[in-house]
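I opened my notebook and pulled up a structure to look around in. Here is what I looked up, in the order I went.

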Amino acid sequence: MASRALAAWRQLVLLALLPHLLLLLDAAAARQCFWPGQAPEDPGCLSWRVMVEANNARGWRTVPAQCVGYVKGYMTRGQYLRDLAGVMEQAADYADQIAADADGLDAWVFDIDDTCLSNLPYYETKQFGAYDPSAFKAWASKEACPGIPPVLGLFTALLDKGFKVFLLSGRDEETLGPCTAGNLEAEGFSGYERLIMRTPEYRGQSSSVFKSAMRKQLVDEGYRIRGNVGDQWSDLQGDCAGDRVFKIPNPMYFVP
C-alpha cells in the first residue's frame, strides 16, 4: 500500500513539474536560436563579440579561429539583422524628435562599408581573415556590394525630413570613387549631399583621424551634425562626431 501511495505521489509531482520543465526546454531552445553558432566548445565567442561591440576589444586583425563559425552564424542566421533593426529603430526615433532647420545645415553622416553597403559575401569567402587591400579593391570594384535595407530606410526617411546626408568612407577616392558611387546608386542610395572619400593627402592615416578631419570640415562649413551612423567605433569617435552616434554591429573586422 505504501509503495503504491509513493508511486502515485511521484506521478503527481512529475505532472506538477511538467509545465515548468517544458518552459525550461523552450527557454533553452530560444537561447540557442537567439545566440546562433554558440557551441559548448567555444563559449567565449559571445563574450568576445560583446567586447568588440563595446569597444573593449581593440586592435584585432582577424576573428579568433574558434569563433569563425559563431560569427558566420550571427551574421547569417537572423540575429545580426534583428540587432541592426534595433539600432535603426533607435535612430529613427531620435530623428523624429528633431527637426531640420530651414537653413539646410542640419546634417547626418553615414559610413559606407557595412553601414550602407554590405561586404558580408566578401568576408565570408575569406573566412573573416586579415584585411587584404588588393583583394578588397577587386571586390569593391565589381560594384556588387548589396545594400543594407534597414539603413536605406533610415537614409530615405532623413532625406524626406529635410536633413542633408553626407556619405563618408575610408575608401580610396582615386581607385574606388566611380565604382562606389555606382554601387550606391544601384542599391538606392541617391540624393545624398556629398560622397566624401580618402584623397591622397590622407593615405596612411587612421580612419579615426581621417574622418574626424572630414567632419570638422563640414562643421567649419556651417553644418550641424545631428547624427552619425557607422559600423566601426572609428566612424563615431574623434572631433565633431555629432549630437548622437549609432553603432551598427560588426564582428567581422576592426578598423582603427
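**Notebook: a walk through the model**

I began with the contacts: among those between residues at least 6 apart in sequence, 72% join residues at least 24 apart. I noted at once that this is a predicted model.

**Entry: the overall picture**

I looked up the elements and found 10 helices and five strands in the protein. The protein has 256 residues, and 42% of them count as buried. I also looked up the accessible surface, which comes to about 12900 Å². Carbon and sulfur atoms hold 58% of that surface.

**Entry: how confident is the prediction?**

I checked the confidence next, and the mean pLDDT of the protein is 88. I saw that 83% of the residues reach 70 or more. Which element has the lowest mean pLDDT, and which the highest? I found helix 1, residues 2-34, at the bottom with 44, and strand 1 at the top with 99. Over residues 5-10 the pLDDT is below 50, and this stretch has zero contacts in the model beyond near neighbours in sequence. Residues 12-41 also stay under 50, and there the model has 18 contacts beyond four places in sequence. I wrote myself a reminder: where pLDDT is low, the predicted coordinates should not be read in detail.

**Entry: the cavities**

How many cavities of 30 Å³ or more are there? I counted two. The largest cavity holds about 60 Å³ of space. I listed part of its lining, which includes Val52, Asn55, Trp60, Trp233, Lys247 and Phe254. The lining of the largest cavity divides into six nonpolar, three polar and two charged residues.

I then turned to the second largest cavity, with a volume of about 30 Å³. Its lining is made of Val109, Phe110, Asp111, Leu168, Lys211, Arg215, Asn228 and Asp235. Two elements give two or more residues to this lining: strand 1 (106-110) and helix 9 (207-220). I sorted the lining of the second largest cavity into three nonpolar, one polar and four charged residues.

**Entry: two positive phi values**

I looked at backbone angles with one rule of thumb in mind: most residues other than glycine have a negative phi. Asn55 has a positive phi of about 65 degrees although it is not a glycine. I placed Asn55 in the loop between helix 2 (44-53) and helix 3 (68-76). Is Asn55 buried or exposed? Asn55 counts as buried because its relative accessible area is 8%, under the 20% cut-off. I had already met Asn55 in the lining of the largest cavity.

Cys240 also has a positive phi, near 55 degrees, and is not a glycine either. I found Cys240 in the loop between helix 10 and strand 5. Cys240 has 29% relative accessibility, so it counts as partly exposed, which is the class between 20% and 50%.

**Entry: Ala241**

I stayed in that loop for one last residue, as Ala241 lies between helix 10 (233-236) and strand 5 (244-247). Why does Ala241 count as buried? Its relative accessibility is 14%, and buried means under 20%. Which residues does Ala241 touch, not counting those up to four places away in sequence? I noted Arg215, Ile225, Asn228 and Leu236. Arg215 and Asn228 were already in my notes, in the lining of the second largest cavity. I also looked up Ala241 and Gly227, which are 14 residues apart in sequence and 8.2 Å apart in space, C-alpha to C-alpha.

Technical notes
Residues numbered from 1 in each chain as written. Predicted model: local features only at pLDDT ≥ 70, side-chain atom pairs only at ≥ 80, totals over all residues. Heavy atoms only, no water. 1 Å grid on protein atoms, 1.4 Å probe; cavity = no way out; pocket = protein on both sides within 12 Å on 5 of 7 lines; lining within 4 Å. Points joined across faces, edges and corners; volume = space filled by probe spheres on them. Nonpolar A, V, L, I, M, F, W, Y, C, P; charged D, E, K, R; others polar. Helix = DSSP H or I, 4+ residues; strand = E, 2+ residues; numbered from the N terminus. pLDDT = per-residue confidence, 0-100. Contact = heavy atoms within 4.5 Å. Buried < 20%, exposed > 50% of the residue type's maximum accessible area, 1.4 Å probe, protein only. Areas by Shrake-Rupley, 256 points an atom, 1.4 Å probe, with all protein chains shown as cover.
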